[in-house]
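Biologist: I've got a model open on my screen and I'd like to learn how to read it. Could you walk me through it?

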Amino acid sequence: LRAGLVDELFLSLAAKLVGGADALTIVAGAALPEPLALAPVWLLEHEGEMFLRLRVAAAAGGPPAASL
């Protein structure tokens, strides 16, 4: 993400909630300097699960995300 090499994110969400001190995030490594904007390309709900295809906006100072 920091290098601007990711242009899309495919995310699946299940209707379950977890948390706690050891809760994981979908991005590993050092924290991003600021939140990265995502724009929906398509969304699908099937049997209580959400499937998302998101376009990653260009990071400040990095190359622009590829267009679809």
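**Reading the strands and the pocket**

Modeller: Let's start at one residue: Glu45 lies in strand 2. Bear in mind that this is a predicted model.

Biologist: Fine. Is Glu45 buried, partly exposed or exposed?

Modeller: The general idea is to look at relative accessible area, where under 20% is buried and over 50% is exposed. Glu45 has 47% relative accessibility, so it counts as partly exposed. Leu44 is also placed in strand 2, and with a relative accessible area of 44% Leu44 is partly exposed too.

Biologist: What stands opposite Glu45 in strand 3?

Modeller: That would be Met50. In the same way, Leu43 faces Leu52 in strand 3.

Biologist: And how should I think about side chains along a strand?

Modeller: In a regular strand they alternate between the two faces of the sheet. For a case to look at here, take Leu44: apart from neighbours within four places in sequence, its contacts are Glu49, Met50 and Phe51.

Biologist: Let me zoom out. How many helices and strands are there in the protein?

Modeller: You'll find three strands and zero helices. Reading from the N terminus, the order is β-β-β.

Biologist: Which way do strand 2 and strand 3 pair, parallel or antiparallel?

Modeller: Antiparallel: strand 2 covers residues 38–46, strand 3 covers residues 49–56, and eight bridges pair them. The two make a hairpin, with two residues between them.

Biologist: Where does strand 1 fit in?

Modeller: Strand 1, residues 8–13, runs antiparallel to strand 3 and is joined to it by six bridges. One bridge to find on screen is Phe10 with its partner Arg53 in strand 3.

Biologist: How far is strand 2 from Ser12, say from Glu45?

Modeller: Going from C-alpha to C-alpha, Glu45 and Ser12 are separated by 9.7 Å, while along the chain they are 33 residues apart. For Leu44 and Ser12, the C-alpha atoms are 9.5 Å apart in space and the residues 32 apart in sequence.

Biologist: Is there a wider view of such long-range pairs?

Modeller: Yes, you can count contacts by sequence separation. Among the contacts in the protein with a separation of 6 or more, 55% are between residues 24 or more positions apart.

Biologist: Back to the hairpin. Which residue in the turn has a positive phi?

Modeller: Glu47, which sits in the loop between strand 2 and strand 3. Its phi is positive, about 50 degrees, although Glu47 is not a glycine. Glu47 has a relative accessible area of 71%, so it is exposed.

Biologist: What share of the protein's residues count as buried?

Modeller: Of its 68 residues, 6% do. The accessible surface of the protein is about 5500 Å², and carbon and sulfur atoms account for 62% of that.

Biologist: Now pockets. What is the trick for finding them?

Modeller: Rolling a probe the size of a water molecule over the atoms shows where empty space is left. Here, the second largest pocket holds about 170 Å³ of space.

Biologist: Which residues line the second largest pocket?

Modeller: Its lining is made of Leu1, Val6, Leu9, Ile26, Val27, Leu32, Leu36, Leu38 and Val56. Sorted by class, that lining has nine nonpolar residues, no polar ones and no charged ones.

Conventions. Residues are numbered from 1 along each chain as its sequence is written. This is a predicted model: local features need pLDDT of at least 70, side-chain atom pairs count only at pLDDT 80 or more; totals for chains, interfaces and linings use all residues. Side-chain values use heavy atoms; hydrogens and water are left out. On a 1 Å grid over the protein atoms alone, a cavity is a set of points where a 1.4 Å probe fits but cannot get out, and a pocket is an open set with protein on both sides within 12 Å along at least five of seven lines; lining residues have an atom within 4 Å of a point. Grid points are joined across faces, edges and corners, and a volume is the space filled by probe spheres set on the points. Ala, Val, Leu, Ile, Met, Phe, Trp, Tyr, Cys and Pro count as nonpolar, Asp, Glu, Lys and Arg as charged, and the others, Gly among them, as polar. Helices (H or I, at least four residues) and strands (E, at least two) are DSSP runs, numbered from the N terminus. Buried means under 20% relative accessible area, exposed over 50%, partly exposed in between (1.4 Å probe, protein chains only). Contact means heavy atoms within 4.5 Å. Accessible areas come from the Shrake-Rupley method with a 1.4 Å probe; for residues, only the protein chains shown count as cover. Two strands pair if DSSP finds at least two bridges between them.
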